Amino acid sequence: MPAFILFFLLLFSCNGKDSQTERAGNGELQLTSSMLHGETYVELRGKWEFYWKRFYDPVDFQRAQSPRPDTCIDLPGNWKGMALHGNVLPREGFATLRLKVRKDSSITGPLAIKVNRWTNPIKIYVNEMLITSVGEIGTSKREETYDS
């Protein structure tokens, strides 16, 4: 069963109009053909792995000692005010968000990803390949840049 590894918030699309409401749990979503019948798309909502103040790329998750998430975060949403390790998270900060999407073997057609306009620097990977980025990510406002 092929697995897509997706980093950061994005929208999985099959050029359709009717949204399905299946939700990811514990950083994983099982994508089935019944979710993609006809003119539909699947929003990648639900619990994504959340790595606070850490940037990772796909290579980091292939190591014998792969990173463990701090928690799972419900997306869409934000981390402002979320309790983590006894602290309340501020609005500003940085993190890696990760979702594993497992594709049912009956899904044979092409799939697409739609990313809405982004307002912060971001990198998005699918199957270990960087598919798009906006600006330059950084650990502080001074280090990051944003390309509109």
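**Strand architecture and aromatic core of a predicted all-strand chain**

Ala112 lies in strand β11, which spans residues 112-114; strands (E, at least two residues) and helices (H or I, at least four) are DSSP runs numbered from the N terminus. With a relative accessible area of 29%, Ala112 is classed as partly exposed, a category that falls between buried (under 20%) and exposed (over 50%), evaluated with a 1.4 Å probe and protein chains only. Its C-alpha atom is 9.5 Å from that of Tyr41, although the two residues are 71 positions apart along the chain.

The structure is a predicted model, in which local features require a pLDDT of at least 70 and side-chain atom pairs a pLDDT of 80 or more, while totals for chains, interfaces and linings use all residues. Residues are numbered from 1 along each chain as its sequence is written, and side-chain values use heavy atoms, with hydrogens and water left out. The mean pLDDT of the chain (the predictor's confidence in each residue, from 0 to 100) is 79, and 79% of the residues score at least 70. Across residues 1-20 the pLDDT is below 50, yet this stretch has 100 contacts in the model beyond near neighbours in sequence, a contact being heavy atoms within 4.5 Å. Where pLDDT is low, predicted coordinates should not be read in detail.

The secondary structure consists of zero helices and 13 strands, giving the sequential pattern β-β-β-β-β-β-β-β-β-β-β-β-β. Of the 148 residues in the chain, 39% are buried. Among contacts with a separation of 6 or more, 61% involve residues 24 or more positions apart. The accessible surface of the chain amounts to about 8,900 Å², with 47% belonging to carbon and sulfur atoms; these areas come from the Shrake-Rupley method with a 1.4 Å probe, and for residues only the protein chains shown count as cover.

The largest nonpolar core contains 20 residues, of which Leu29, Trp48, Phe50, Trp52, Ile73, Trp79 and Leu89 touch the most other members. Such a core is a set of buried Ala, Val, Leu, Ile, Met, Phe, Trp, Tyr and Cys residues joined through side-chain atoms within 4.5 Å. At least two residues of this core come from each of β4, β6, β7 and β10 (95-103), and β10 gives the most, with four.

Seven aromatic pairs were found in a search of the whole structure. Rings of Phe, Tyr and Trp (its six-membered ring) pair if their centres lie within 6.5 Å, with planes under 30 degrees apart counted as stacked, over 60 as edge-to-face and the rest as tilted. Phe50 and Trp52 form a stacked pair, because their ring centres are 6.0 Å apart and their planes lie at 20 degrees. Phe50 is buried, at 0% relative accessibility, and Trp52 is also buried, at 13%. The pair of Phe50 and Trp79 is tilted, with 5.6 Å between centres and 50 degrees between planes. This pair links distant parts of the chain, 29 residues apart, with Phe50 in strand β6 and Trp79 in the loop between β7 and β8. Trp79 is buried as well, at 16% relative accessibility. Ring pairs thus join Phe50, Trp52 and Trp79 into a cluster. Not counting residues up to four places away in sequence, Phe50 touches Trp79 together with Pro69, Asp70, Thr71, Cys72, Ile73, Met82, Leu84, Leu89, Ala95, Thr96 and Leu97.

An interaction between a charge and a ring is also present: the charged end of Arg98 sits over the ring of Phe61, 3.9 Å from its centre. The criterion is that NZ of Lys or CZ of Arg be within 6 Å of the ring centre and within 35 degrees of the ring normal.

Several backbone features occur in loops. A cis peptide bond, with omega about 0 degrees, joins Leu75 and Pro76; Pro76 is in the loop between β7 (71-75) and β8 (83-84). Lys53 is not a glycine but has a positive phi of about 55 degrees, and is placed in the loop between β6 (46-52) and β7. Glu128, likewise not a glycine, has a positive phi of about 65 degrees and is located in the loop between β12 (122-126) and β13 (129-134). Gly25 occupies the loop between β3 (18-20) and β4 (28-31) and is partly exposed, at a relative accessible area of 34%. The C-alpha atoms of Gly25 and Lys47 are separated by 4.9 Å, with the residues 22 positions apart along the chain.
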